[in-house]
Amino acid sequence: MDKDEKINELITKDQFTLSAEDKEKQLFPIILEQLKNQTNNNYLKNFYESIFPIQNIKRLSDIPPIPVSMFKNYELRLCPESEVVRVLTSSGTTAQMKSKIFLDKKTAFRQTKALMNILKSHLGNQRKPMVIIDTEKVNMPGNDSISARGAAIRGLLTFAQETVYILDGTDPDLKLNLDKLIGFLEKYKDQEIVFFGFTYIIWEFFYKQLLSLGKSFKLKAKVIHSGGWKKLESKKVSKEIFNKNVSEIIGNSSEDIHDMYGMVEQVGVVFIDCEHGNKHVPNFADVIIRDPLTMEEVNIGKQGIIEIISVLPESYPGQATITEDLGLLMGIDDCKCGRKGKYFRFLSRIKESETRGCGDTFSGRRE
Amino acid sequence: MIQVFFDGKEFNQKQAPDFKQISEEISKSRQEILKLNLEDIIGLINNFSQNILRNHETVKIEGIAFLSQWARKSNIESLIEINFEDKKILSDYYEKNGKLLIAQPKGIIGHWIAGNVVTLGLFSLLQSLLMKNSNILRIPLESIPTMVSLLKVLRDSEFNGIKGSALLSSTYLIYFTKEEKNINDELSMLCDARIIWGGEEAIKAISDSPKKETCEDILFGPKYSFSIIDKDMVNDSVSLSKNMNRLVYDIIFSEQNSCTSPQVMICECSYPELEKVALEIKKSFENLPEKYKKTDISSFQASSIIKIRTKYALEGKKMLKSEGNDWTILLDNNLCLEEPIKSRTIFLKSCDDLTNILKLITPKIQTIGYAFKDKNKLIELSKKLNLSGVSRIVALGQMNFYDLPWDGKMLLARLINFNSLKVSQEE
């Protein structure tokens, strides 16, 4: 089998079946071949020569990861410009510059297929009626570029039997269209519904608006949400509070509220909480939680910086990307849910220390 | 709520809703320090300087050797000398141009201490005590254990039968959160002088709070420091090695969180020659004694290091680095001052002529550490650098040595009022 066939097999077979050891054996040769192809790009040639030469890489954890923020500063494209079918951009709400992720047909196809297969493990094989807690505008790109929010929704749509967008208006003035929601729920009253939205938007424009209307449901439904906790942390809304309150409004169990962790730099690799609250890694990817000082992989029970390994991308260098997030390595191959491989929990975004002093910063101080 | 960790007598942690009782206690206990004479205070501080090296807790504190050296009698006397023409003025009337002058304590000094250097509070406090002031120190939570252990040693110090407890009788060690603006305002209103150490945000927030019309502000705000090395030094391998070792000690102190920490080193040499300098720095990092090895790093700091290394690597710039996120040396020939990465990350830059650094100088430059063979050239350049606003120019290895003047200020002279008496000759 050649590389592409191996990747295809990894993507299409049932997920979460490979032990950590088997995964290392299967992913490493594929990724090594992919890395060798990256050195046609001058930036990446420099990068590997300087940080860790490719010929010295002997295992997945040797691969020098690229910080996700580098996709904001450099055009890291590995395919000819003419082959780019889509450019994904990060939300860019907290930084002025946005990540630019170039997708060719092959990478985009793999990502879609991979995402589908991960979702199957959590949602079952059948397509489901899907309520998107957002406005349809977010998934209407003006050109070939699409936001992270749009990309996440688009990824899930492939899993939808029928879709309804239940928010009207434009950020930040989004309004729940209750009639639309009730009409859709009525139509599919005998089926399991999947709700999807960004965490903050679900809380602010779905949960709080339903609460103020005194409206709640009794549904057989799963809720998948992503986008992080930054905005809700400032409102003192924890994951537990979110799960409890949203499930009370929907009328399902808080175990049916699933946090999905992912990023625009790694579309196709998403981590959805299992019923035990752990995030699992699909067969075509891996996670390395690195100790901030040594950069070695941490032991079980320790926290560190989350790095994601993936065989999916070939139009941009996403084989090993290091995030700005902290995770906790919970275990390997032995989660009670039965999924194999490493499992972890997302802890928080990396925050700047509050211990600051007179040596703070230089910018903004020049007179 | 105010968390009180020391109330002039006890180290039992307690809470106070406001400063009413603290202010009353200070008024009562203030007499004790006023009764002490200058020689006794110097003697007590000198005894403290010896005791902190004997105490099993304080001896482990980062920067304790320097604090001990700084608090010695000889150094304290030289600090007084640099501030005052004659130290007699601190004890009695001193005649000058037909007037009798006397230096009197300001009163209550509020100290807002930054968290970047754990011993910072002591430098601030000891100078204030020397001038017989009462003190309220707002200390970051992470520095409290260090400050408590140091103050315990000071309290137990002795000189001429006098105990350090007399010196500390009107000193308070407290903490409140930065969100407790009302408490901050109340403290501010109590002060006769405010010493504020910190970053831009802290300085602005505190200096904007209400104060007495007579209150004096002494601000030690955000500053930036870097190093320079002349071409003769670059070409002398023995001196280069010695000086790069000194630079590394300047770098590792407080993990470059101080305003005196070198973030950049500018070398008078060609870009290819920079590698020679970088290799010497690398050697010094690798040969650091075990006790100076980095044992911890924040995720934020690690992330910053990973990003700057990747940036340099992608752009094909040279770099030397440790395996993990211990130390990083980044080389280029772009003459500029870089945003600090800290945590043992030094930007190394080449330039043809060190006079070119004059264009980089702003009044925000605190310290320049140098390694120069040609001392005349150093003096010529320093005159221009000082004129442009550089506060301190010191040899490598001494960048973090706290001294007076600091940020251009003679702190002791700012902590007293010069009062006078003119005796009329007429009947």
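**Entry 1. Helices α1 and α2 of chain A**

I began with the orientation of α1(A) and α2(A) in this predicted model. Helix α1(A) covers residues 3-12 and helix α2(A) covers residues 20-38. I read an angle of about 135° between them, with the axes 10 Å apart. The two helices are therefore oblique to each other; the cut-off I needed here is that roughly antiparallel applies only to angles over 145 degrees. I noted the crossing of α1(A) and α2(A) as left-handed.

I then listed the residues in the contact. From α1(A) they are K3(A), K6(A), I7(A) and L10(A). From α2(A) they are Q26(A), I30(A) and E33(A). Sorted by class, this contact holds three nonpolar, one polar and three charged residues.

**Entry 2. Helices α8 and α10 of chain A**

I turned next to α8(A), residues 199-213, and α10(A), residues 239-250. Their axes lie 10 Å apart, and the packing angle is about 50°. That angle makes α8(A) oblique to α10(A). I recorded a left-handed crossing for α8(A) and α10(A).

Which residues of α8(A) meet α10(A)? I found I202(A), W203(A), Y207(A), L210(A) and L211(A) on the α8(A) side. Facing them in α10(A) are F242(A), N245(A), V246(A) and I249(A). The contact of α8(A) with α10(A) divides into eight nonpolar residues, one polar residue and no charged residue.

**Entry 3. The contact between chains A and B**

I looked up how much of each chain takes part in the contact. Chain A gives 34 residues and chain B gives 45 residues. On the side of chain A that touches chain B, at least two residues each come from α3 (42-51), β1 (66-67) and β16 (320-332) of chain A. Helix α3(A) provides the largest share of that side, five residues. I sorted the chain A side by class and obtained 16 nonpolar, ten polar and eight charged residues.

**Entry 4. Domains of chain B**

I then examined the division of chain B. Domain 1 comprises 2-221 + 407-421, and domain 2 comprises 224-395. The centres of these two domains of chain B, taken over C-alpha atoms, are separated by 33 Å. How many residues does each domain of chain B bring to the contact? Domain 1 of chain B brings five residues and domain 2 of chain B brings six residues. On the domain 1 side of chain B, the residues that touch domain 2 divide into one nonpolar, three polar and one charged.

**Entry 5. The seven-stranded sheet of chain B and helix α6**

I traced an open sheet of seven strands in chain B, in the order β2-β1-β9-β6-β5-β10-β11, with mixed pairing. Strands β2 (14-16) and β11 (216-220) of chain B are the edge strands, each pairing on one side only. From one strand to the next, the twist averages 25°.

Within this sheet I followed one pair more closely. Strand β1(B), residues 2-6, and strand β9(B), residues 171-175, run antiparallel and are joined by three bridges. I found L173(B) in β9(B) as the bridge partner of F6(B). Helix α6(B) lies across β1 and β9 of chain B and runs at about 35° to β1(B).

I also checked the packing of α6(B), residues 144-156, with α2(B), residues 38-54. Their axes come within 9 Å and cross at roughly 125°. That makes α2(B) oblique to α6(B). The crossing of α2(B) past α6(B) is right-handed. From α2(B), the contact uses F48(B), N51(B) and I52(B); from α6(B), it uses L150(B), V153(B) and L154(B). I counted by class five nonpolar residues, one polar residue and no charged residues in this contact.

**Entry 6. The three-stranded sheet of chain B**

Finally, I looked up a further open sheet in chain B, which has three strands in the order β3-β4-β19 with antiparallel pairing. Why do β3 (94-96) and β19 (416-421) of chain B each have one side without a neighbour in the sheet? Both stand at the edges with a single partner strand, so one side of each is left without a neighbour. Neighbouring strands of this sheet are turned by 40° against each other on average, direction ignored.

I closed with the pairing of β4(B), residues 99-105, with β19(B): they run antiparallel and are joined by six bridges. I noted that L101(B) stands opposite S420(B) in β19(B).

Terms used:
Residues numbered from 1 in each chain as written. Chains lettered and ligands numbered in written order. Predicted model: local features only at pLDDT ≥ 70, side-chain atom pairs only at ≥ 80, totals over all residues. Contact = placed C-beta atoms within 7 Å. Helix = DSSP H or I, 4+ residues; strand = E, 2+ residues; numbered from the N terminus. Nonpolar A, V, L, I, M, F, W, Y, C, P; charged D, E, K, R; others polar. Domains from an automatic or database assignment. Axes fitted to C-alpha atoms, helices over the stretch in contact; angles between N-to-C directions. Parallel < 35°, antiparallel > 145°, perpendicular 65-115°, else oblique. Left-handed = near helix turned anticlockwise from the far one by under 90°. Pairing = 2+ DSSP bridges.
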